[in-house]
Structure formats: C-alpha cells, structure tokens
Amino acid sequence: MIGIYGGTFDPVHFGHLRTALEIREIFAATEMRLVPSARPPHREQPAVSVAMRVEMLHAALDGHPGLVVDTRELDRAGPSYMIDTLASIRSEVGAEEPLLLCIGCDAFLQLQSWHRWRQLFDHAHIVVITRPGWRHEALVPFYQGRLADAVETLQTTACGRLLFQQVTRLEISATRIREIIAEGKDPGFLLPDAVLAIIAEHRLYR
Ligand code: ATP
C-alpha cells in the first residue's frame, strides 16, 4: 500500500507530519507520499513558491525514509487536480497496489467540489482524518457501499473504499504559522527546526 497526502504545505508543520507517520503505521503502508500542490484549484495561491515549499518538505522529512516528497504536480501545467495525480501514480504502480488518499475532514467536506471527484475512487481508497466528536453522518449517504470500518478491507483491495480514521490531533495550521511569523512572533515547536531555518534564511512569510 502507498499513501498519498496532498496539500499546499505552506509551510509543512507537525500536524501534517504526525498524521502522515501515524497513517503509514496504521495501514502498514510501504511509504507515504506528500504531494505539494503546485497550483491548488480550490483556494488562494500559496504565499511561497512551490520550489521553496518542496525544499521545506525535504528538510522536514529528512531521516524519515517512509515519508517521501512526490513532486509530480510541478511537472503539469494548469490547475493541480488530485484526479490527475492519482491517475498518474496508478499508471506507475499497476492495477493491484492499494493506494490510499489521505484527506482532512475540512477537505472531505469539500470533496464533492473536486474535479471529477467520483473517479478518485477508481484509483484509490480515501481515508478521512477525523477528530474526536466530528460528525460526518450527514455526508455518509453519498458514499453508501464505499464505507469500510476495517483497515484490512483497504489493505486487501486496490481502491474504491472510504474509511474514517482518528490520529493524534495537533491543532496546528499553516495559516496560523504564517500569521505568527508576520506578527514577528516565534512559531517554534509548531514545525521542525529544519523548516524554521529555511523560513529564517529566506525571510519567508514576513
Ligand atoms: P492552511 O492553513 O494554509 O490552509 P493547512 O495547515 O490546513 O494550511 P494544507 O497544506 O492546506 O495545511 O493541508 C494539507 C492536508 O493536511 C489537508 O488534507 C488538511 O486537512 C490536513 N491538515 C492540515 N492541518 C492539519 C493538522 N493540524 N492535523 C492533521 N491534518 C492536517
């Protein structure tokens, strides 16, 4: 199984990293690929260039061989649609390999606005990272037949299922980190020191 975790990572922080690590362990994935969005279709464009966001990701993942940066969205023109990314990874790994697309509950609430969202399930399973007390029942009818309640179900099939999974919740957001830096305050202990060093060196988010 290969996990896929997309985001702007502007900048990457411990909320992303801890989630990626725990999902890899829970699903016994061979690797988790963090996929920086070059041109996110659904939000303001990132504050920092994709090259710099990739550099921060590499620094953050150094020493964690199971977590890797996948830069394929840099090589495509136009909006960075996840469906294109999944299709591209699927074509490389073959039909049998389980693929696991990880999204936060905020992203899940928007899923039906994603480009060709139904076809995401033709290539991957989707795991939604939930928080305690988060209610998703209202959305479940859209996914009848896809809902799984066991990790094994996803490990033994290549794609097509949906699972809600809790991980250690760290209330960190990149938005707040950018605000802290812009206010001249210290974002220490919210993201790795190696990432902070890059931010300081290039005076990012000021
Ligand atoms: P921003 O504040 O700029 O929107 P963000 O911190 O939400 O950024 P993104 O790069 O937009 O980070 O998110 C990538 C993915 O990580 C999304 O699926 C999002 O739901 C998830 N995510 C964001 N913050 C956390 C967190 N603290 N814990 C777990 N997952 C998170």
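Helices here are DSSP runs of H or I with at least four residues, and strands are runs of E with at least two, both numbered from the N terminus. By that count, the chain holds eight helices and six strands. The structure is a predicted model, where local features need pLDDT of at least 70 and side-chain atom pairs count only at pLDDT 80 or more, while totals for chains, interfaces and linings use all residues. Residues are numbered from 1 along each chain as its sequence is written, and side-chain values use heavy atoms, with hydrogens and water left out.

Walking along the sequence, the elements come in the pattern β-α-β-α-β-α-β-α-α-β-α-β-α-α. As for overall size, the C-alpha atoms fit a box of roughly 50 × 40 × 30 Å along the principal axes. The radius of gyration, taken over C-alpha atoms, can be set against a globule rule of 2.2 Å times the number of residues to the power 0.38. For 206 residues a compact globule would come out near 17 Å, and the chain agrees because its own value is 17 Å.

Next comes the packing. Buried means under 20% relative accessible area, exposed means over 50%, and partly exposed is in between (1.4 Å probe, protein chains only). Buried residues account for 50% of the 206 in the chain. Contact means heavy atoms within 4.5 Å. Of the contacts between residues at least 6 apart in sequence, 73% link residues at least 24 apart. On the outside, the chain exposes about 10100 Å², with 50% of that coming from carbon and sulfur atoms; such areas come from the Shrake-Rupley method with a 1.4 Å probe, and for residues only the protein chains shown count as cover.

Two loop residues round off the picture. Ser 80 sits in the loop between β3 (67-69) and α3 (82-93), and it counts as buried because its relative accessibility is 6%. A polar contact is a pair of N or O atoms within 3.5 Å; within protein, one must be able to donate a hydrogen and the other to accept it, and residues adjacent in sequence count only if both atoms are side-chain atoms. The Ser 80 side chain reaches the backbone nitrogen of Arg 39 at 2.8 Å and the backbone nitrogen of Ala 38 at 3.3 Å. Neighbours within four places in sequence aside, the contacts of Ser 80 include Ser 37, Pro 40, Pro 41 and Glu 73.

Gly 63, by contrast, is exposed, with a relative accessible area of 65%. Gly 63 belongs to the loop between α2 (50-61) and β3. From C-alpha to C-alpha, Gly 63 and Ser 80 are 28 Å apart in space, with their positions 17 residues apart in sequence.
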